[in-house]
Amino acid sequence: MDFKEEYYADTRLVACHVMAGLLRCAGPDLGDDSRRAIYPELCKRLDDSSDDTRIAACGALEVKSKP
């Protein structure tokens with residue numbers, strides 16, 4: 001894995017953590033359109049080449065599914 005690929009993997013990982021935090025803090029206040037836009041992006045991360053990114057995406061989806 002070269003530097004550029006690792007950089008993008010780190011960016012995807014951080015994005016999943018940010019989404020989890022966003023959903024945790026503002027989840028109930030997010031509109032339906034925003035919540036629907038987040039879901040497919042997190043689902044894409046479930047097929048990521050990085051295990052850490054896939055785990056982070058699962059965590060964000062778990063936060064999203066809580067009422």
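**Briefing: a three-helix chain and its salt bridges**

The protein chain contains three helices and zero strands, and its elements follow one another along the sequence in the pattern α-α-α. The model described here is a predicted one. Five salt bridges are present in the structure, and the points below treat several of them together with the packing of α2 and α3 and the surface of the chain.

**Overall features**

- The protein chain has 67 residues, and buried residues account for 28% of them.
- The accessible surface of the protein chain amounts to about 4800 Å², and carbon and sulfur atoms contribute 56% of that surface.
- When contacts between residues at least 6 apart in sequence are considered, 51% of them join residues that lie at least 24 apart.

**The network around Asp-48**

- Arg-12, Arg-45 and Asp-48 are connected to one another through a network of salt bridges, with Asp-48 taking part in a pair with Arg-12 and also in a pair with Arg-45.
- In the pair formed by Arg-12 and Asp-48, the side chains meet with an N to O distance of 2.4 Å.
- This pair links distant parts of the chain, since Arg-12 belongs to helix α1, which covers residues 3-26, while Asp-48 sits in the loop between α2 (32-45) and α3 (51-65), and the two residues are 36 residues apart.
- In the pair formed by Arg-45 and Asp-48, the closest N and O atoms are 3.3 Å apart.
- Asp-48 counts as buried because its relative accessibility is 4%, which falls under the 20% cut-off.
- The two arginines of the network are partly exposed, with a relative accessible area of 22% for Arg-12 and of 23% for Arg-45.

**A salt bridge within helix α3**

- Asp-51 and Arg-54 also form a salt bridge through their side chains, and the N to O distance in this pair is 1.9 Å.
- Because Asp-51 and Arg-54 are three residues apart in helix α3, about one helical turn separates them.
- Both partners have part of their area accessible, as Asp-51 counts as partly exposed at 48% relative accessibility and Arg-54 is partly exposed with a relative accessible area of 26%.

**How α2 and α3 pack**

- The axes of α2 and α3 come within 8 Å of each other, and they cross at roughly 150°.
- Angles over 145 degrees count as roughly antiparallel, and α2 and α3 are therefore roughly antiparallel to each other.
- The crossing that α2 and α3 make is left-handed.
- On the α2 side, the residues that meet α3 are Arg-35, Tyr-39, Leu-42 and Arg-45, and their counterparts in α3 are Thr-53, Arg-54, Ala-57, Ala-60, Leu-61 and Lys-64.
- Two residues named earlier for their salt bridges thus reappear in this contact, with Arg-45 on the α2 side and Arg-54 on the α3 side, where Arg-45 is the partner of Asp-48 and Arg-54 is the partner of Asp-51.

**The segment after α3**

- Lys-66 lies in the segment that comes after α3, and Lys-66 counts as exposed because its relative accessibility of 53% is over the 50% cut-off.
- Although Lys-66 and Arg-24 are 42 residues apart in sequence, their C-alpha atoms are 9.2 Å apart in space.

Note on methods: Residues are numbered from 1 along each chain as its sequence is written. This is a predicted model: local features need pLDDT of at least 70, side-chain atom pairs count only at pLDDT 80 or more; totals for chains, interfaces and linings use all residues. Side-chain values use heavy atoms; hydrogens and water are left out. A salt bridge is a side-chain nitrogen of Lys or Arg within 4 Å of a carboxyl oxygen of Asp or Glu. Helices (H or I, at least four residues) and strands (E, at least two) are DSSP runs, numbered from the N terminus. Buried means under 20% relative accessible area, exposed over 50%, partly exposed in between (1.4 Å probe, protein chains only). Contact means heavy atoms within 4.5 Å. Accessible areas come from the Shrake-Rupley method with a 1.4 Å probe; for residues, only the protein chains shown count as cover. Axes are lines fitted to C-alpha atoms, for helices over the stretch in contact, and angles run from 0 to 180 degrees between N-to-C directions. Angles under 35 degrees count as roughly parallel, over 145 as roughly antiparallel, 65 to 115 as roughly perpendicular and the rest as oblique. A crossing is left-handed if the near helix is turned anticlockwise from the far one by less than a right angle, and right-handed if clockwise.
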